[in-house]
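Please read the following briefing alongside the sequence and the coordinates. The points are grouped by topic, with cut-offs given where a term is introduced.

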Amino acid sequence: MGVFSRFLDIVNSNINALLDQAEDPEKMIKLMINEMEDTIIEIKTNCAAAIGAENTAKRKVADLEALVDRWQKRAELAISKGREDLAREALLEKKKLAAELEKLKEESDRYDRLVLKYKADIAALDEKLASAKAKFQAMREKARAEAESKSSFQSKATGKNADPMDRFNRMEERIDKMNARREQEDSAKDTEAKFKDLEEMDEIESELEQLKKKMNG
């Protein structure tokens with residue numbers, strides 16, 4: 001996916017060593033800050049896309065819930081009119097929609113968790129960026145006041161910011177795995193589908209009988 005590649009190239013490097021070797025340490029930190037800012041923009045863009053997908057899934061869930069309820073009422077109406085054939089068809093349609101509804105709810109939940117993770121990573125990166133900016137400002141002030149102690153100041157300015165954010169890598173892997181699982185779930189097996197049809201018809205007949213008892217009671 002490569003969403004965080006630029007940022008990881010920085011945080012996985014030995015920042016102290018880079019600054020020690022740099023001809024202009026201030027310029028080096030400024031470049032790192034620019035990379036962090038660009039990465040935050042990318043993460044926020046992906047977060048906005050995930051929020052959009054999450055909202056779409058939630059709307060579909062609401063629509064399907066209304067349809068399931070509608071077919072339930074149609075089945076009851078058919079029973080009241082003595083049309084068991086129509087009631088059976090209505091219950092079958094309701095069952096299909098209910099299965100689709102469950103998948104949509106799972107999809108909505110996945111997007112919800114993804115959005116929360118994006119927001120957590122944005123917050124962590126914002127904090128790291130604020131720290132880097134503070135260190136950059138301190139470096140400039142220190143360099144002007146104590147030009148002779150430049151080398152020791154470079155270590156102090158960057159030492160707390162050298163740990164890589166491994167959770168970004170883990171998040172990227174989890175997203176790839178989620179996409180792979182979703183593709184597997186979408187592939188239907190013919191044999192299993194035939195048996196499911198048989199099982200569904202048994203369940204429909206059972207629900208039909210229960211509905212008849214309810215309506216007659």
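Asp112 is partly exposed, its relative accessible area being 31%, where partly exposed lies between buried, under 20%, and exposed, over 50% (1.4 Å probe, protein chains only). The model is predicted, so local features need pLDDT of at least 70 and side-chain atom pairs count only at pLDDT 80 or more, while totals for chains, interfaces and linings use all residues. Residues are numbered from 1 along each chain as its sequence is written, and side-chain values use heavy atoms, with hydrogens and water left out.

**Surface charge**
- Asp112 lies in helix 4, residues 84-145, and gathers with Glu102, Glu106 and Asp109 in a surface patch of negative charge.
- Such a patch takes residues with over 30% relative accessible area and no salt bridge, like charges being joined within 9 Å; a salt bridge is a side-chain nitrogen of Lys or Arg within 4 Å of a carboxyl oxygen of Asp or Glu.

**Fold**
- The secondary structure comes to seven helices and zero strands, helices being DSSP runs (H or I) of at least four residues and strands (E) of at least two.

**Interior**
- Buried residues make up 31% of the 217 residues in the protein.
- The largest nonpolar core, a set of buried nonpolar residues joined through side-chain atoms within 4.5 Å, has 16 residues, and those with the most contacts inside it include Ile29, Ile33, Tyr118 and Leu129.
- Helix 3 (25-80) and helix 4 each supply at least two residues of this core, and helix 4 gives the most, with nine residues.
- A second, separate core of nine residues includes Ala78, Leu91, Ile204 and Leu208.

Note on methods:
Patch = residues over 30% accessible without salt bridge, like charges linked within 9 Å, V, L, I, M, F, W, Y side chains within 5 Å. Areas by Shrake-Rupley, 256 points an atom, 1.4 Å probe, with all protein chains shown as cover. Lys, Arg positive; Asp, Glu negative; His and termini not counted. Charge placed at Lys NZ, Arg CZ, Asp CG, Glu CD.
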